[in-house]
Structure formats: C-alpha cells, structure tokens
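The exercises below are meant to be worked through with the sequence and the model side by side. Try each task before reading its solution.

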Amino acid sequence: MKRTLKVLLAIGALTLPMAYAQMPVTPAPDQQVLLVSESPQLETNKKLVYDFWREVFEGGHLDKADQYLTESYIQHNPNVPTGRAAFVEFFGQFSEPKPIKDEIIAPLVSIVAERDMVILSFAREHEDPNDASKTYTTTWFDMFRIEDGKIAEHWDPALK
C-alpha cells in the first residue's frame with residue numbers, strides 16, 4: 001500500500017506542473033528604466049543599441065546606419081548578409097522610413113549590458129503546436145557587440 005501511494009504521489013507530482021499554464025513573458029512597463037546603468041559606458045552602450053533599434057531597425061531610417069554600425073559589421077543571423085552596406089541593402093527591400101517612436105515598438109522585456117555586449121530581450125507570442133486555438137509566449141533576443149562606439153556584431157536565434 002505504501003509503495004502504491006508513493007508511486008501515485010510521484011506520478012501526481014510529475015503531472016502537476018502540466019496542469020497549470022506557463023507564466024507569460026511580459027514587456028517592461030517602463031523602457032527608460034532599462035537604459036539606466038551604474039556604469040556610464042554600459043549606459044552609453046545600451047542607449048546606442050536602443051536608438052539603433054528605434055531609428056534604423058523599426059524606424060526604417062537606413063540612411064542612419066553609418067551612425068550605428070561599423071562598416072565591417074558582422075551578422076550571425078543566417079538570413080541577413082554581413083557588412084553595413086549589405087545590411088542597408090537587405091533591409092531596404094522591406095523597409096521605408098517612418099516616424100521614429102520614443103520607445104521601441106516591439107514588446108521589450110529587458111536590456112542587459114556587460115563588457116562590450118548589449119542584449120535586447122523581447123516577448124514573442126506563438127501558436128500552441130498542440131492546440132491552434134491557444135498561444136504561448138516565449139523570449140526572443142538580439143545580442144550586439146560594441147566596438148569604438150558602434151555596433152560591430154549581431155546575434156539572434158533565427159533559423160534559416
């Protein structure tokens with residue numbers, strides 16, 4: 001009897017987490033707070049990436065790419081070519097300049113800076129593969145390396 005009870009409790013414990021939905025990933029309520037850092041250099045790096053994202057990536061102002069990207073910008077996303085000129089040419093196919101927003105439009109969760117790296121994390125919603133009537137949230141990230149005051153390298157989890 002004790003063994004049966006232990007087995008049932010173990011099975012119950014293993015299935016219990018599946019009975020509850022995951023905690024959704026939620027955007028930060030105040031993006032400006034995310035830009036603050038005890039280190040002036042890390043704060044500068046955060047602001048550089050933040051403004052690049054708002055102005056060039058979301059705003060479509062590819063003419064500003066030279067303010068933010070090194071000429072030899074390295075791209076690790078398998079769908080986007082390496083180099084500043086290649087970045088501008090690639091995104092020029094999909095993007096036109098629009099008014100620049102005060103904040104990032106995408107649901108920004110966090111900005112983390114350490115050494116010469118800055119990571120933007122975003123909430124992403126996807127269809128539940130087990131039930132098309134439901135969705136779930138997860139986190140997407142973009143990571144940048146800063147060199148001499150410009151973005152020199154980029155990573156994200158994109159697949160080809």
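Phe52 is buried, with a relative accessible area of 2%, where buried means under 20% relative accessible area, exposed over 50%, and partly exposed in between (1.4 Å probe, protein chains only). The model is a predicted one, in which local features need pLDDT of at least 70 and side-chain atom pairs count only at pLDDT 80 or more, while totals for chains, interfaces and linings use all residues. Residues are numbered from 1 along each chain as its sequence is written, and side-chain values use heavy atoms, with hydrogens and water left out.

**Exercise 1.** Describe how the rings of Phe52 and Phe144 are arranged, and state which parts of the chain they tie together.

*Solution.* Begin with the count: eleven aromatic pairs are found in a search of the whole structure, a pair being rings of Phe, Tyr or Trp (its six-membered ring) with centres within 6.5 Å, called stacked if the planes are under 30 degrees apart, edge-to-face if over 60 and tilted for the rest. For Phe52 and Phe144 the ring centres are 6.0 Å apart and the planes stand at 70°, so this pair is edge-to-face. Next, place the partners: Phe52 belongs to helix α3 (residues 40-58) and Phe144 to strand β4 (residues 131-147), so the pair ties together parts that are 92 residues apart in sequence. Helices (H or I, at least four residues) and strands (E, at least two) are DSSP runs, numbered from the N terminus. Finally, check the partner's surroundings: Phe144 is buried, at a relative accessible area of 1%.

**Exercise 2.** Find which residues have the most contacts inside the largest nonpolar core, and which element gives the largest share of this core.

*Solution.* A nonpolar core is a set of buried Ala, Val, Leu, Ile, Met, Phe, Trp, Tyr and Cys residues joined through side-chain atoms within 4.5 Å. The largest one has 31 residues, and Phe52, Phe87, Leu108, Ile111, Leu120 and Ile151 are those with the most contacts inside it. Among the elements that give two or more residues are α3, β1 (69-75) and β2 (108-114), and the largest share, seven residues, comes from α3.

**Exercise 3.** Decide what is found around Arg84, and whether it is buried or exposed.

*Solution.* Arg84 is found in helix α5 (residues 84-92). Arg84 is buried yet has no salt bridge, and Glu71, the nearest side chain of opposite charge, is 4.4 Å away; a salt bridge needs a side-chain nitrogen of Lys or Arg within 4 Å of a carboxyl oxygen of Asp or Glu. Not counting residues up to four places away in sequence, Arg84 touches residues including Asp66, Tyr73 and Lys150, where contact means heavy atoms within 4.5 Å.

Definitions and conventions: Lys, Arg positive; Asp, Glu negative; His and termini not counted.
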